[in-house]
Amino acid sequence: ALSLLLPVLAIGALAYLAWSTKYIVTDDRLIVRWGPFADDVPLSGIYKIRATWNPLSAPALSMDRLEVLSQQRRGVLIS
């Protein structure tokens with residue numbers, strides 16, 4: 001039973017992350033939400049957006065991604 005439960009839980013967790021992923025653009029912010037995680041990027045701090053195929057785990061549902069770089073020297077990958 002445990003050998004079936006773990007894969008079902010893993011698939012359920014991935015499905016939850018996929019269906020809860022949202023990108024919200026307000027007047028001054030880019031808000032990225034996926035599952036219980038959120039990233040809030042001020043639009044005024046964005047200095048570069050570039051296309052990438054970076055395979056790192058990120059709130060991007062495809063491999064065609066955009067990397068949004070902000071002044072805080074952190075990037076967020078979105079699709």
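This tour moves from the whole chain to its nonpolar core and then to two individual residues.

The model is predicted, so local features need pLDDT of at least 70 and side-chain atom pairs count only at pLDDT 80 or more, whereas totals for chains, interfaces and linings use all residues. Residues are numbered from 1 along each chain as its sequence is written, and side-chain values use heavy atoms, with hydrogens and water left out.

**The whole chain**

Begin with the entire chain in cartoon view. The secondary structure consists of one helix and six strands, in the order α-β-β-β-β-β-β from the N terminus. Here helices (H or I, at least four residues) and strands (E, at least two) are DSSP runs, numbered from the N terminus.

Turn the chain along its principal axes: the C-alpha atoms fill a box of roughly 50 × 25 × 20 Å. The radius of gyration is 15 Å, against a value near 12 Å for a compact globule of 79 residues. That radius is taken over C-alpha atoms, and the globule rule is 2.2 Å times the number of residues to the power 0.38.

Colouring by burial comes next. Of the 79 residues, 29% are buried; buried means under 20% relative accessible area, exposed over 50%, and partly exposed in between (1.4 Å probe, protein chains only).

**The nonpolar core**

Select Leu 30, Val 32, Trp 34, Val 41, Val 68, Val 76 and Ile 78, the seven residues of the largest nonpolar core. Strand E2 (29–34) and strand E6 (75–78) each supply at least two of these residues, and E2 gives the most, with three. Such a core is a set of buried Ala, Val, Leu, Ile, Met, Phe, Trp, Tyr and Cys residues joined through side-chain atoms within 4.5 Å.

**Val 41**

Within this core, centre the view on Val 41, in strand E3 (residues 37–42). Val 41 is buried, with a relative accessible area of 2%. Beyond residues up to four places away in sequence, Val 41 touches Asp 28, Arg 29, Leu 30, Ile 46, Ser 70, Arg 74 and Val 76; contact means heavy atoms within 4.5 Å. Then select Leu 2, 39 residues from Val 41 in sequence: the C-alpha atoms of the two are 41 Å apart.

**Leu 61**

Move finally to Leu 61, in the loop between strand E4 (46–52) and strand E5 (65–70). Is Leu 61 buried or exposed? Leu 61 is exposed, with a relative accessible area of 56%. Leaving aside neighbours within four places in sequence, Leu 61 is in contact with Ala 18, Thr 21, Tyr 23 and Ser 79.
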